[in-house]
Amino acid sequence: MLTEPSMKTMRLVEEMEASTTGIETAVTLPAELYTSESFFEFEKDAIFMKEWICLGRQEQIPNSGDYFTFTIADEPLVVVRDELGAINVMSSVCQHRAMVITDPGSITEDEWHDPPTGGSGSFGMQMRCPYHFWVYDLRGQLVGAPEMGKTDCFAKEDVALPSLKVEIWNGFIFASFDPDAEPLAPRMRQPEQMLENWHIEDMVVTGMGTVEGLPWNWKVMFENVIEIYHADRLHLPIHEMAPASRMVMTPFDPDDAMVVSRARTTRPDYSFNATEAAVFPVIDTLTDEDRAMAHFGIGPPTLSFGTSSDSLLYLLIIPRSATTIDMHYGVLVPKEYLKMRRFNELSEVASGGLYALTRQDVAANASVQRGLRSRFAPRGRYSWQEEPLAHFNKWLVQRYRRELEV
Ligand SMILES: [Fe+2]
């Protein structure tokens, strides 16, 4: 006998079929998919525990012992570089009494009701839980546990932090909770081809930041990134050099890890800042076609990106609840640009344009979420310029269906 939530989920998945046809006939996903906490719980199993999750960039942890923390689906993780140079991703939940080992061992009175979490830094050669000083090596193996000699049948060798599968793709660190996850690289053909000439494996991240508690569903955010229909409407005049009418159709396979979209720009090296041009030197390996195209990609549940001729902006969208996300962002540039004399000032020009775009997207996303809560939220129809959304719907529904079949 199915429990009530799973019957409800099955009904919802049935209703989604109408969103998975071609763009000419498809309707938007049911509003409940963006507002229901029980559906969000289902998505944890269907997507967050199955897909490859982008956590950040390898250059964030250049040395042995360097780490950063990341939480998704209520799972606190630690990403650490070990003494052999390999990157490991582990649960940071101590296998003794469950303290998160990267959390501080002391906090101020102001922080009692909103305790800070991990962050980033260096462990040195070992990770130590602040609570009882259980010590793990950089691969998560327990190597020290004080006063456990009188405990029956306890062997340090039997205890380790649960580890995730890891794959590095072009400098991005991906992990999967699913030990049977298929390799990521073959499922990244589209973005691989698209970004080939940027050589993002050699780029470095700059201008990183985090925004917490944005009040909309994670899919609202991904739809906003991948859909070009609003580019020369909501974003007038900033985006008018890459108008939706110049969208280039892109083939799509729901087994791929990412959905991508592209629009030809009205002139090469267009960028969204006030100068309307790339502010750093154009990457010298780009073709003329690369330079006259805006590329966007989403790799749920976290990665999204957009290109310029001089850089690549990525956003890591981190689902927190049905109606909340956190966001990490960074800009990738060729390493040598960091040495430019006025790099910081140029970065400010570049990010000024992105902030202007972001202010508009934030307004739209928050408002869409408000509308989705309404009893009058539509199963709306699409424009041909929203084709990437039909692709995203297919991507999602394939994974929801798979989870129900198990
Ligand atoms: Fe936008």
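**Helix 5, Glu43 and the iron site**

Me: The buried residues of helix 5 are Trp218, Lys219, Val220, Met221, Phe222, Glu223, Asn224, Val225 and Ile226; on what kind of model does this rest?
Reply: Residues are numbered from 1 along each chain as its sequence is written, and side-chain values use heavy atoms, with hydrogens and water left out. Local features need pLDDT of at least 70 and side-chain atom pairs count only at pLDDT 80 or more, while totals for chains, interfaces and linings use all residues, since this is a predicted model.

Me: How many of the residues of helix 5 are buried?
Reply: Buried means under 20% relative accessible area, exposed over 50% and partly exposed in between (1.4 Å probe, protein chains only). Helices (H or I, at least four residues) and strands (E, at least two) are DSSP runs numbered from the N terminus. Helix 5 spans residues 218-226 and is largely enclosed by the rest of the structure, because the buried count is nine of nine.

Me: Which residue's side-chain oxygen reaches the backbone nitrogen of Lys219?
Reply: Lys219 is itself among the buried residues of helix 5. At the start of this helix, the oxygen that comes to within 2.7 Å of that nitrogen belongs to Asn217.

Me: With which side chain does the side chain of Glu43 make a polar contact?
Reply: Glu43 lies in helix 3 (residues 37-48) and is buried, with a relative accessible area of 0%. Leaving aside neighbours within four places in sequence, Glu43 is in contact (heavy atoms within 4.5 Å) with residues including Trp218 and Lys219. A polar contact is a pair of N or O atoms within 3.5 Å; within protein, one must be able to donate a hydrogen and the other to accept it, and residues adjacent in sequence count only if both atoms are side-chain atoms. At 2.6 Å, the partner is Tyr400.

Me: What is the geometry of the iron ion's site?
Reply: Donors are N, O and S atoms within 2.8 Å of the metal (3.2 Å for Na, K and Ca), and sites may look incomplete because water is not among the atoms. Here NE2 of His230, NE2 of His235 and two OD donors of Asp361 coordinate the iron ion at 2.0 to 2.6 Å. Four donors count as tetrahedral if all angles lie between 85 and 135 degrees; four count as square planar and six as octahedral if opposite donors are over 155 degrees apart and all others between 65 and 115, and anything else is irregular. With angles of 54 to 152 degrees among its four donor atoms, the site is irregular.

Me: What is the spacing in sequence of the donor residues of the iron ion?
Reply: Both His230 and His235 are buried. Along the sequence, the donor residues follow the spacing H-x4-H-x125-D.
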